[in-house]
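Colleague: I would like a close look at a single part of this model, explained slowly enough for a first-year student to follow. Please take the structure below as the starting point.

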Amino acid sequence: MIIVLKREATQEIADEILSRIEQKGLKPLFMPGTERVVLGALGDERVLAELNLDGHPMVESLKPILSPYKLVSREMHPHDTIVRFGKANIGGPSFAVIGGPCAVETEDRLRSSASVVKAAGAIGIRAGAYKPRSSPYSFQGHGPEGLTTLRTIGDELGLPVVTEVMDTADVEAVAEKADMLQVGARNMQNFSLLKVLGKVDKPVLLKRGLAAKVEDLLLAAEYLLAAGNEQVILCERGIRTFETATRNTLDLNAVAYMKQKTHLPVMVDPSHGTGVRDLVIPMSLAAAACGADGLLVEVHENPVDAWSDGAQSLYPHQFETMMETLKPVLAAVGRDLA
Ligand code: PEP
Ligand code: MN
């Protein structure tokens, strides 16, 4: 339930209502705005009827929450959440681009790829140390050594790093080295992992599952917020459809839809979304045009020699072109590059 208080309602009134909500076993939320105070009550809304809030002299209106997700809902939290990643803000007026190879391969290779993305204006570096591969015989990532390499390069270039965590057992190690933790598509509904990440004091980049509905993604994010972590970014990375021309189908409907339904930032990964290098720039521009808050893009110093996802990794010159081409598109929608 969303409870909008009258303009003249005092802090004491808000506190009194919040404590009555709590006594009924519901979770109270306090959301002060510039104009007026909004309160929330999470839980079984039928219990709230006993509080007779509709008759309270300082309550202006009551609105039930119909969506199954609450904390991530824009109804509850009308203003955009801004997630801090290094020195950059994700979710504000500026568009944030994070680039890097699919995986941490060698230190020298990561240095070259990351230097390219930094020089072209990316705000952060991506690279996986733990790789969720379809085949157990494919390169699985360097694990802890990969994390150390990633941290070294991030520090050397002065850029924050995001990397995937696949297992609850690795959360501590990844959180120690990374500035943001990525939950991959295959783990979007790993609820044990989400509950642990909800307790971590680092932002989480939550990717949409291959066969997950938008509502499933929002409910997965709800796990993180319910466990205490509000620094969450959603990432559309393509879903499986009947279409086989591309690796996945990048669902940009979902981006525009989620920007309306949630206050959390929404990023787009056009690399996994298409699986095809030459489709990455057009879909990046489309993502910028439809309201995404940024991109997660695979870039490799020499994609033909990449240990994973070479076919969808941009060449350095393509990443530079992408960054330049984004500028007029962003300007057209009233934004700029972070
Ligand atoms: C990745 O970002 O390298 C990755 C494995 O992504 P996804 O989980 O979206 O497949
Ligand atoms: Mn990849």
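Which strand do 4 bridges join to E12, and do the two run parallel or antiparallel?

Modeller: This is a predicted model, in which local features need pLDDT of at least 70 and side-chain atom pairs count only at pLDDT 80 or more, while totals for chains, interfaces and linings use all residues. Residues are numbered from 1 along each chain as its sequence is written, chains are lettered from A and ligands numbered from 1 in the order in which they are written, and side-chain values use heavy atoms, with hydrogens and water left out.

The partner of E12 is strand E11 (residues 204-207), joined to E12 by 4 bridges, and the two run parallel; strands pair if DSSP finds at least two bridges between them, and both helices (H or I, at least four residues) and strands (E, at least two) are DSSP runs, numbered from the N terminus. Within this pairing, Lys-207 has Cys-235 of E12 as its bridge partner. Strand E12 itself covers residues 232-236, and 5 of its 5 residues are buried, where buried means under 20% relative accessible area, exposed over 50% and partly exposed in between (1.4 Å probe, protein chains only). Val-232, Leu-234 and Glu-236 point one way from the strand, whereas Ile-233 and Cys-235 point the other way.

Lys-207 also leads us to ligand 1, since Lys-207 is among the residues that come nearest to this ligand, together with Arg-126, Lys-131, Ala-185 and Arg-237, out of 13 around it; a residue is near if one of its heavy atoms lies within 4 Å. By class, this shell has 3 nonpolar, 3 polar and 7 charged residues, where Ala, Val, Leu, Ile, Met, Phe, Trp, Tyr, Cys and Pro count as nonpolar, Asp, Glu, Lys and Arg as charged, and the others, Gly among them, as polar. Oxygen atoms of ligand 1 lie 2.9 Å from a polar side-chain atom of Gln-182, 2.7 Å from a backbone N or O atom of Ala-185, and 2.9 Å from an N or O atom in the side chain of Arg-186. Taken alone, ligand 1 exposes 300 Å², of which the protein buries 97%, with accessible areas coming from the Shrake-Rupley method with a 1.4 Å probe and, for residues, only the protein chains shown counting as cover.

Definitions and conventions. A polar contact is a pair of N or O atoms within 3.5 Å; within protein, one must be able to donate a hydrogen and the other to accept it, and residues adjacent in sequence count only if both atoms are side-chain atoms.
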